[in-house]
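Colleague: Mind walking me through this one? I'd like to hear about a few local details.

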Amino acid sequence: MTPGEAHAALAGPLRVALIREAAEAGLADAQALYGQMLLDGMELTKDARVGFGWFMRAAAQGHAMALNMVGRCYDLGWGVRIDKARAAECYAAAAIRGLPEAQYNYATLLALGDGVAQDRPAALSWLLRAAANGFAKAENFVGSFHEDGWATPVDLLAAAQCYARAAHGGDFRGCFNHARMLVRKGRAREALPWVERAGALGNQRFVGQVRDWLAAQDDAELRMRGIAALDRGAGAC
């Protein structure tokens with residue numbers, strides 16, 4: 001059998017069956033993957049409730065990503081009722097295990113006081129750990145802390161540096177914030193590629209928010225060229 005034939009044989013129903021068999025045999029990685037496939041409706045019928053059950057089985061074995069996904073399910077009501085306190089507990093457990101996504105998610109709840117007592121210094125500490133692990137979304141949020149003076153003095157230079165790193169790391173909010181800071185420095189032309197990138201990476205709601213920001217700018221050329229760049233990015237999705 002050639003590599004191509006082997007890949008084809010393992011695709012589709014057979015691949016799903018093998019993952020399901022490994023999950024039922026107790027392999028935590030397979031349980032987490034199978035839960036994600038059910039949650040997303042990837043290669044099988046979408047069923048968030050059953051997916052949540054598989055995340056729970058993997059989480060019971062200490063699987064960090066599964067713990068984070070149980071938290072996401074409780075946080076957003078995927079296959080289970082919303083319970084922000086339980087979400088925070090799950091995020092914290094996965095964060096302690098070093099998972100950047102969970103460190104970011106737990107920090108978000110701490111920053112907002114959502115399901116847990118508000119603690120912005122602790123939130124910043126977790127965000128810094130996630131950012132140090134290369135998680136671009138956390139880097140962008142650290143930038144917001146510096147810009148808004150949450151748990152740290154206002155420092156626009158530090159904010160701009162964080163946003164730049166987040167943008168280069170592929171975070172769509174970081175792309176927009178990096179562009180916004182460039183505009184503040186009078187470097188609108190350099191900002192346009194990042195506006196385009198934000199449009200390419202961001203969701204529809206976010207693209208609408210960026211469009212509103214551009215429409216409110218006093219600089220007519222920035223408005224026109226920025227909206228054109230945003231549309232190019234969104235059209236490339």
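Modeller: Sure, and let's begin with a loop: Ala 151 is in the one between α9 and α10 (156-168), where helices are DSSP runs of H or I with at least four residues, numbered from the N terminus. Bear in mind that this is a predicted model, where local features need pLDDT of at least 70, side-chain atom pairs count only at pLDDT 80 or more, and totals for chains, interfaces and linings use all residues. Residues are numbered from 1 along each chain as its sequence is written, and side-chain values use heavy atoms, with hydrogens and water left out.

Colleague: Is Ala 151 buried, partly exposed or exposed?

Modeller: Buried means under 20% relative accessible area and exposed means over 50%, with partly exposed in between (1.4 Å probe, protein chains only). Ala 151 has a relative accessible area of 41%, so it's partly exposed.

Colleague: Which residue in the loop between α3 (28-40) and α4 (48-59) should I look at?

Modeller: Look for a positive phi of about 70° in a residue that is not a glycine. At 42% relative accessibility, that residue counts as partly exposed. The one in this loop is Glu 43.

Colleague: How are α7 and α9 oriented to each other, roughly parallel or roughly antiparallel?

Modeller: The axes of α7 (residues 100-112) and α9 (residues 136-148) come within 10 Å and cross at roughly 25°. Axes are lines fitted to C-alpha atoms, for helices over the stretch in contact, with angles from 0 to 180 degrees between N-to-C directions. Under 35 degrees counts as roughly parallel, over 145 as roughly antiparallel, 65 to 115 as roughly perpendicular and the rest as oblique. The two helices, α7 and α9, are therefore roughly parallel.
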